Amino acid sequence: HVHAGRQETLGGALACYPGSARVWRAHKREAGPRRVCVVEAGETVTVHSAELNSAGLFKEYTLPLDLAGELNPASAEKIEKAATSLDLVKVRLTGVVEDENAAKVSAEILRGRLVKKARLVVIEPETIVAAALSSNSLTKAFLAGMAKLEPEDTQGTDYARWLLARQYGLEELAAHLLEAK
């Protein structure tokens, strides 16, 4: 079962398949425009492909969630604006989160926004819960060190920077711990 286009000579004859005219699954091989084969027969046979502008595209995105399990609203809006009613849109949600349920809520909110815009929507949460990392001694030491640096004012820019540094640190630790498994 082939969705990708091919053209080759078989037994002296030219065999052409333009690929599927519609994006059917969320896979990297589905990327790119849909095409048809245009065959011109005269003294010789020529074949060229033409793009189907109204077929839709497979669009894949990766968005990070913050520690609270929330999306950057501007990133979600950018994807929403780029989607058309013919597209299959896949979004991978990544990052270290403190609350898995908050990440699921963010995924459902994003799905609700995109399903109004795209033909098919696939949301794949690939997050790591911070508590799952906390049993590691390096993670414990990192979190203890970050706790000592936590600003008292939770409304200021220093606190926002501290949260971001903590998030990036946990994401790096998670990446290394997953590689070790």
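Biologist: Which residue in β2 does T9 stand opposite?

Modeller: This is a predicted model, in which local features need a pLDDT (the predictor's confidence in each residue, from 0 to 100) of at least 70, side-chain atom pairs count only at pLDDT 80 or more, and totals for chains, interfaces and linings use all residues. Residues are numbered from 1 along each chain as its sequence is written, and side-chain values use heavy atoms, leaving out hydrogens and water. Strands β1 (residues 6-10) and β2 (residues 13-17) run antiparallel, joined by five bridges (strands are DSSP runs of E with at least two residues, helices runs of H or I with at least four, numbered from the N terminus; two strands pair if DSSP finds at least two bridges between them). Opposite T9 in β2 stands L14.

Biologist: Which residue takes a positive phi in the hairpin of β1 and β2?

Modeller: This hairpin has two residues between its strands. The one with a positive phi, near 60 degrees, is G11.

Biologist: On to the open sheet: which are its edge strands?

Modeller: Three strands form this sheet in the order β5-β6-β7, with parallel pairing. An edge strand here pairs on one side only, which picks out β5 (58-64) and β7 (120-129).

Biologist: At about what angle to β7 does helix α2 run?

Modeller: Helix α2 (residues 100-115) lies across β5, β6 and β7. Axes are lines fitted to C-alpha atoms, for helices over the stretch in contact (heavy atoms within 4.5 Å), and angles run from 0 to 180 degrees between N-to-C directions. The angle of α2 to β7 is about 165 degrees.

Biologist: Are α1 and α2 roughly parallel or roughly antiparallel?

Modeller: Their axes come within 9 Å and cross at roughly 25 degrees. Angles under 35 degrees count as roughly parallel, over 145 as roughly antiparallel, 65 to 115 as roughly perpendicular and the rest as oblique. The crossing angle therefore makes α1, relative to α2, roughly parallel.

Biologist: Is T139 buried or exposed?

Modeller: T139 sits in helix α4 (residues 137-149). Beyond its neighbours within four places in sequence, T139 touches L133, S134, L170, L173 and L177. Buried means under 20% relative accessible area, exposed over 50% and partly exposed in between, using a 1.4 Å probe and protein chains only. Because its relative accessible area is 0%, T139 is buried.

Biologist: Where is the confidence highest in the protein?

Modeller: The average pLDDT is 82, and 89% of the residues score at least 70. The lowest mean, 74, belongs to helix α3 (residues 130-133), while the highest, 93, belongs to α2.
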